[in-house]
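Open the model in your viewer and keep the sequence panel beside it, since each stop on this tour begins with a selection.

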Amino acid sequence: MTLQEAAARADALAQEGAERELAGLRAEWAEELEAAARDPDFRRRAHAYRAIGQFRWRAKEELLRRGLDDESPACRGSALLSLELLSRDHPSTVNGVRPLLHTLISADGNAAVRRLAVVCLRNGSPQRETIVLLDGLAGDDEVDAELRKAAAGVAQALKRRQTQQAQQKR
């Protein structure tokens, strides 16, 4: 079995709620995943970063941060996919790398990476600076249309969540 196949199996186990089997698979593949994340070949690193999310491996969040800084857009994209998956139930995953996500959104040379970073912010806490950044992107005619659309959608979702949280505090 390859790391990709193991990651697909782990994703299926996670969806089934088979925690014991998932933990066993993690233990079996821990060294291989670490080695792949350090491989000189960007394709192996990209697979490793994507596998972290498929394994639902919260203990590897620091490794994902390294993936967000990778020179390869494929690796950054894979790390962002895993970050989005891990953050669905845990906003702290996104909140911990929010400044890095802001930098990717503002300065990354790859449009797909920028869009993925925007999508990740949807799962974080609705912080004012994030909403301002996304609103700015949504209104910038010089930015890719898909990025503008994603930024507008995530900004709206964060504003709604911010309003709901304010109402709950009352």
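A residue is called buried when its relative accessible area is under 20%, exposed when that area is over 50%, and partly exposed in between. Please keep in mind throughout that this is a predicted model.

Begin by selecting Gln156, which you will find in helix H10, the helix that covers residues 145-169. Is Gln156 buried, exposed or partly exposed? Its relative accessible area is 40%, and so Gln156 is partly exposed. If you now add Ser82 to the selection and draw a line from C-alpha to C-alpha, the two residues turn out to be 23 Å apart in space, while 74 residues separate them in sequence.

Next, select helix H3 (residues 42-54) together with helix H5 (residues 73-87). In general, two packed helices are described by the angle between their axes and the distance between the axes. For H3 and H5 the angle is about 5° and the axes are 7 Å apart, and the two helices are therefore roughly parallel to each other. Where they meet, H3 contributes residues including Phe42, Tyr49 and Ile52, whereas H5 contributes residues including Cys75, Ser82 and Leu85. Sorted by class, this contact of H3 with H5 has 11 nonpolar, 4 polar and 2 charged residues.

Moving along the chain from H3, select Arg56, which lies in the loop between H3 and helix H4 (61-68). Arg56 has a positive phi of about 55°, although it is not a glycine. With 22% relative accessibility, Arg56 counts as partly exposed.

Now turn to the cysteines, and colour Cys75 and Cys120. How many disulfides does a search of the whole structure find? The search finds 0 disulfides. Cys75 is in no disulfide, and the nearest cysteine sulfur, which belongs to Cys120, is 15 Å away. Cys120 is likewise in no disulfide, with the sulfur of Cys75 as its nearest cysteine sulfur. Cys75 counts as buried because its relative accessibility is 0%, and Cys120 is buried as well, with a relative accessible area of 0%.

For the next stop, show H9 (residues 128-138) beside helix H7 (residues 98-107). H7 and H9 pack at an angle of about 10°, and their axes are 11 Å apart, which makes H7 roughly parallel to H9. On the H7 side the residues that meet H9 are Arg98, His102, Ile105 and Ser106, and on the H9 side they are Glu129, Thr130, Leu133, Leu134 and Leu137. The residues of this contact divide into 4 nonpolar, 3 polar and 2 charged.

Stay in H9 and select Thr130 by itself. Thr130 has 0% relative accessibility and therefore counts as buried. Leaving aside residues up to four places away in sequence, Thr130 touches Arg98, His102, Leu121 and Leu158.

Finish with the nonpolar interior. In soluble globular proteins, nonpolar side chains tend to be buried together. In this model the largest nonpolar core has 48 residues, and those with the most contacts inside it are Leu33, Phe55, Leu80, Leu101 and Leu134. Select Leu33 as the last stop and display what surrounds it: when residues up to four places away in sequence are not counted, Leu33 touches Leu3, Ala48, Ala51, Ile52, Phe55, Trp57, Lys60 and Leu63.

How values were computed:
Residues are numbered from 1 along each chain as its sequence is written. This is a predicted model: local features need pLDDT of at least 70, side-chain atom pairs count only at pLDDT 80 or more; totals for chains, interfaces and linings use all residues. Side-chain values use heavy atoms; hydrogens and water are left out. Helices (H or I, at least four residues) and strands (E, at least two) are DSSP runs, numbered from the N terminus. Buried means under 20% relative accessible area, exposed over 50%, partly exposed in between (1.4 Å probe, protein chains only). Contact means heavy atoms within 4.5 Å. A nonpolar core is a set of buried Ala, Val, Leu, Ile, Met, Phe, Trp, Tyr and Cys residues joined through side-chain atoms within 4.5 Å. A disulfide is a pair of cysteine sulfur atoms within 2.5 Å. Axes are lines fitted to C-alpha atoms, for helices over the stretch in contact, and angles run from 0 to 180 degrees between N-to-C directions. Angles under 35 degrees count as roughly parallel, over 145 as roughly antiparallel, 65 to 115 as roughly perpendicular and the rest as oblique. Ala, Val, Leu, Ile, Met, Phe, Trp, Tyr, Cys and Pro count as nonpolar, Asp, Glu, Lys and Arg as charged, and the others, Gly among them, as polar.
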